[in-house]
Amino acid sequence: MIRLVPNHATRIKRSETVTFTFDSEPVQGHLGETLVAALMRAGHLNLREAPNDSAPRGAFCCMGLCQECAVIVDGQVVEACRTVVSADLVVERA
Amino acid sequence: MSDLNDIAVVGAGPAGGNAALVAAQSGARVVMLDEQPAPGGQVWRGKTASILLAPVTPETTAGNGLRSALSESAATHLADTRVWDILRNGDHWSLQILRNGATEQITCRSLILATGAREYVQPIPGWTTPGVIGLAGATSLFKQTLSLPGKRTVVSGTGPLVFFVASEIRRLGGEVAAVITPNTRADWARATPSMIGQPKLLARGALWMADLILARVPILWGHAVSEVEGRDHVTGIKTINLKRGVAGLSFATDSLCLGNGLIAQIEAAQMLGAAIRYDPSLGGWVPVADPDGATKVDGLYLCGDGCGIRGAAAAALQGTLAGARAARDLGFSAPSPPVRPWQRAERFGRAMTALSIPHADAHALTTQDTIVCRCESLSRRDISTEITTGATSTNAVKSGKRAGMGPCGGKYCQTAIAALIAEQTDKSTSDVPPPTPRPPLRPVPLGQAAGDFDYDDLPIPKPAPL
Amino acid sequence: MTTGPTYEIAIIGGGIMGCATALRVAAGGMSAIVLDQGDLGQGASGVNAGTLSLQIKRVKLMPYALKGHHCWEEMGDTVGFAKTGGYTLAFNAREAEMLHERQTLKSNAGAPIEFVSNNQLRAAEPNLTHKVEAASFCPEDGYANSSLTGQYYRGKLRDAGIPYREGCAVTAIDQGDGFTLTTPQGPIRANRILLAAGAWLKPLAALLDVDLPVNARVNTVSVTERLQPLMSSVIGHATGLLTMKQKANGTVLIGGGWQGRGTPQDGRGTVDADTVRPNLALAQYAVPALSAARVTRSWTGFEANVPDFYPLAGALPGVPDAFVLGCVRGGYTIGPYISQLMGDHILGREPEMPLFDPGRDFEKDTI
């Protein structure tokens, strides 16, 4: 099939994969990428429960504003879209 | 004060970056503060360290150009830095910034805000389901990490962004289940004259569309996503034909990129006293500023999408105008660049914004049970009841229902709430201003705001009379 | 010129005091209208920290505060009332001394305040710092949700059939055969007027050539996002410079009267980072786990006062049929009650407790 927009997937070289944990489960991510990208790739979309209706929520704005991807790292609530993946990172649900 | 900067620039996108460059060239002492690890803003976002090698795109080239110019410039760039409060202190501005897990204070004589845009997403049933991300949000994901929101994605929204996102998904090896846009072919035909002046962008857009057609990706013109299915994650979407008001095709998908145009991030400017006005062709409420960024507030300059959505090309040009103006006003010899190129770029930007703003019937997509305020899980019914019982301003709805008191500070609900107030009280949207902006501009960990302290040194005033 | 109805009283200011007085006089058969330059309950009534604490009330206002607490308790869930009890903390010897002196006087004035041991304190509030030198407790203390003021009184006025106008600033007051108020929504006529405009009283009274020496404090309040349970009662500081409570929804509200900037004439006030930061530090010192909590919003509200820091409640000096109510220190707590007294006075009835003559000499100790 003719593609006017080429598939670049194979031409992208990424950093080594490292293992971190989300909710005590091991997750693979590329060193230095955003936590949101790694969690999405691993299929971890549901990051937290909304107040009041307890509905599942996940990353939404991807630019550090909506606070939907809030998770806990080192006891501190952080935005997964502004947090970088490193080996042995321990990520908990907020 | 020895560490007083001449100019602080908030934001390092095309506007802020260029403002910092020209101001630093004039000899001013410039500091540029930005939330991201690298300059570029949302539109020219830099890649994370996880990307070792990747094909170059026009956004990469533009961003790299700005990044290398800034790295050679005398402007100080503070990355990964959040400005959480700004206050006028006598003849200078004091900025509270969060950096490396601690609050620092930066001072400057003049301030340039280049706070950019965020996106408006019309609330629809299921839009809070994990797997639904913003359309502009998706571009951040692509540019920064070259990763995808899912394996098979529906892309829905207004303006050119919907085609860019679909094209990027294909470029990065993903599958586009469908492109759904409320715009019609006639909308685009009307916008074409303003695009003639930007042949490169026009050609790029045509290529994206042709590629999607060749790949047999369904493109549903004049349609919107009416419902997202799935609980823990997206499993599918339903559509509606907006003109005929009947259901359109449904698609199985694991992700949805959804957006209805950009809106200016005006909170900081508003907080500092800049007047605001309503201009739908600039994305809604915008602060009042001259083309060169000057405002009625002494020492405050605004540029880029933060004072109206005009796009990256216009933002870069206005950054230069504002940086030069701010430097000249402080007595530095900076150039006086012509305004014409900005005006040309602005025409194109406005045309794209006009395509992107939600159609009048978009609000009907928000059913009574649809969550409008994500932070507090408030439905349209909750908000509407509050309006019916007499809360007729965004501040009043916020007080009564906490819509806007959650962690996002109303950034993702206020536009929809203002539209509901206007509709229910027979007012024009221009008569329903956004709520009072307050610091912190982003959530700040209390300990990091408070900083290290000795109890005995706390400046505790004398107690109230007995 | 339109000839709308002539109200028996026009009340200028739609905060707690204006609305509650309107309800009282209307219950007594008087036709009333409430006017506010903005929305109802968006001034001090709607942006204060909502603390209902006898431990921070002025000694001479204690009888009014006790009555005020009962008013709030009756309003109950609709205003987010919670009687949690409250602890006031002293962190060093100087503050402990101040705490003993002040709380003893307040206890003598009728507030059920007792001093508690560190063990009692820790059992009740395990997340508090261990650096407490002394603490007092008042079981009557609690809070209400000030954000609900507007919502609450809109409903009450509507139920009582009392008209109200929002976005209706009074720009001139003409006297002669009653009062004619100039507003952007047309003239409003009334036989009496009550000025209940809080921090905006001074320019309002000036329309009648009366100089009320009203100043405004710019109190700051901050709120966190939802947190796991950290405290169950209202936490205060011996100096009064911290009030803190965790709402049912998990957010923690931090106040204490730290001063922001601005004047009532030029907007809604500005938060000053130089005062918010020590306010937050004090909160963190009291409850160290707050360190990781994210603050989502800080704001300011204008609290009106006169030089002796006692209320204005009574006839406006020199203007027949004009009344003024405001500047009540602890106005959120006392507001609903003192408004009943004011309403009774306007109705020509003897109030249950004395009012506070707005014509007094504020430089002398007259209360």
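Is C:Arg360 buried or exposed in this structure? With a relative accessibility of 10%, C:Arg360 counts as buried. Keep in mind as we go that this is a predicted model, and let us start from this arginine before moving outwards to the chain interfaces.

C:Arg360 sits in the segment that follows α9 (331–346) of chain C. What does its side chain reach? One partner is the side chain of C:Asp308, with which C:Arg360 makes a polar contact at 2.6 Å. Another is the backbone oxygen of C:Pro311, which the side chain of C:Arg360 reaches at 2.8 Å. Once neighbours within four places in sequence are set aside, the residues in contact with C:Arg360 are C:Val306, C:Asp308, C:Tyr310, C:Pro311, C:Thr366 and C:Ile367.

Staying in chain C, we can look at helix α9 itself. C:Asp344 forms a salt bridge with C:Arg24, and their closest N and O atoms are 2.9 Å apart. This pair links distant parts of the chain, as C:Asp344 belongs to helix α9 and C:Arg24 to helix α1 (residues 16–27), 320 residues apart. The two partners can be told apart by their accessibility: C:Asp344 is buried at 8% relative accessible area, while C:Arg24 is partly exposed at 29%. For a wider view of the chain, an unreviewed UniProt entry places the feature "domain: FAD dependent oxidoreductase" at residues 9–343 of chain C. In the model, that span is 29% helix and 26% strand, and the C-alpha atoms at its two ends lie 11 Å apart.

Now for the place where chain C meets chain A. Five residues of chain C and eight residues of chain A take part in the contact. About 440 Å² is buried between these two chains, and carbon and sulfur atoms give 39% of that area. On the chain C side, C:Arg226, C:Ala292 and C:Arg294 supply 92% of the area buried against chain A, more than any other three residues. C:Arg294 appears again in the one salt bridge that is found across this interface: its side chain meets that of A:Glu79, with a distance of 3.9 Å from N to O. The interface of chain C and chain A also has two residue pairs in polar contact. A:Glu79 and C:Arg294 are part of a wider network of salt bridges, in which they are linked with A:Arg82, B:Glu35, B:Arg82, B:Arg442 and C:Glu225.

Chain B brings us to another interface with chain A. Here 61 residues of chain B are in contact with 47 residues of chain A. Together the two chains bury about 4400 Å², 58% of it on carbon and sulfur atoms. There are 19 residue pairs in polar contact between chain B and chain A. Several elements of chain B supply at least two residues each to the side that touches chain A, including β3 (51–53), α4 (161–171) and α6 (199–214). The largest share of that side comes from α3(B), with six residues.

Two salt bridges cross between chain B and chain A. A:Glu68 forms a salt bridge with B:Arg374, the closest N and O atoms lying 2.6 Å apart. A:Glu68 also has a partner within its own chain, A:Arg57, with closest N and O atoms 2.9 Å apart. A:Glu68 lies in the loop between β5 (56–57) and β6 (70–73) of chain A and A:Arg57 in strand β5, so this pair ties together parts that are 11 residues apart in sequence. A:Glu68 and A:Arg57 are both buried.

Chain B has an internal pair of its own to visit. B:Arg310 and B:Glu346 form a salt bridge, with 2.7 Å between the closest N and O atoms. B:Arg310 is in the loop between β20 (300–302) and α8 (311–329), and B:Glu346 is in helix α9 (residues 340–356) of chain B, so the bridge ties together parts 36 residues apart in sequence. B:Arg310 is buried at 8% relative accessible area, and B:Glu346 is buried at 11%. Over all chains, the structure holds 44 salt bridges.

Let us finish with the cysteines. How many disulfides are there over all chains? The count is zero. For B:Cys307, the closest cysteine sulfur is that of B:Cys303, and at 6.5 Å it is too far for a bond. B:Cys307 is buried, with 4% relative accessibility. C:Cys168 is likewise in no disulfide, and its nearest cysteine sulfur, in C:Cys19, is 13 Å away. C:Cys168 is buried too, with a relative accessible area of 1%.

Terms used:
Residues are numbered from 1 along each chain as its sequence is written. Chains are lettered from A and ligands numbered from 1 in the order in which they are written. This is a predicted model: local features need pLDDT of at least 70, side-chain atom pairs count only at pLDDT 80 or more; totals for chains, interfaces and linings use all residues. Side-chain values use heavy atoms; hydrogens and water are left out. A disulfide is a pair of cysteine sulfur atoms within 2.5 Å. Buried means under 20% relative accessible area, exposed over 50%, partly exposed in between (1.4 Å probe, protein chains only). UniProt positions are given in the numbering used here, feature names are shortened, and annotations may be inferred rather than shown by experiment. Helices (H or I, at least four residues) and strands (E, at least two) are DSSP runs, numbered from the N terminus. Contact means heavy atoms within 4.5 Å. Buried area is the accessible area (1.4 Å probe) that two parts lose on being put together, summed over both. A salt bridge is a side-chain nitrogen of Lys or Arg within 4 Å of a carboxyl oxygen of Asp or Glu. A polar contact is a pair of N or O atoms within 3.5 Å; within protein, one must be able to donate a hydrogen and the other to accept it, and residues adjacent in sequence count only if both atoms are side-chain atoms.
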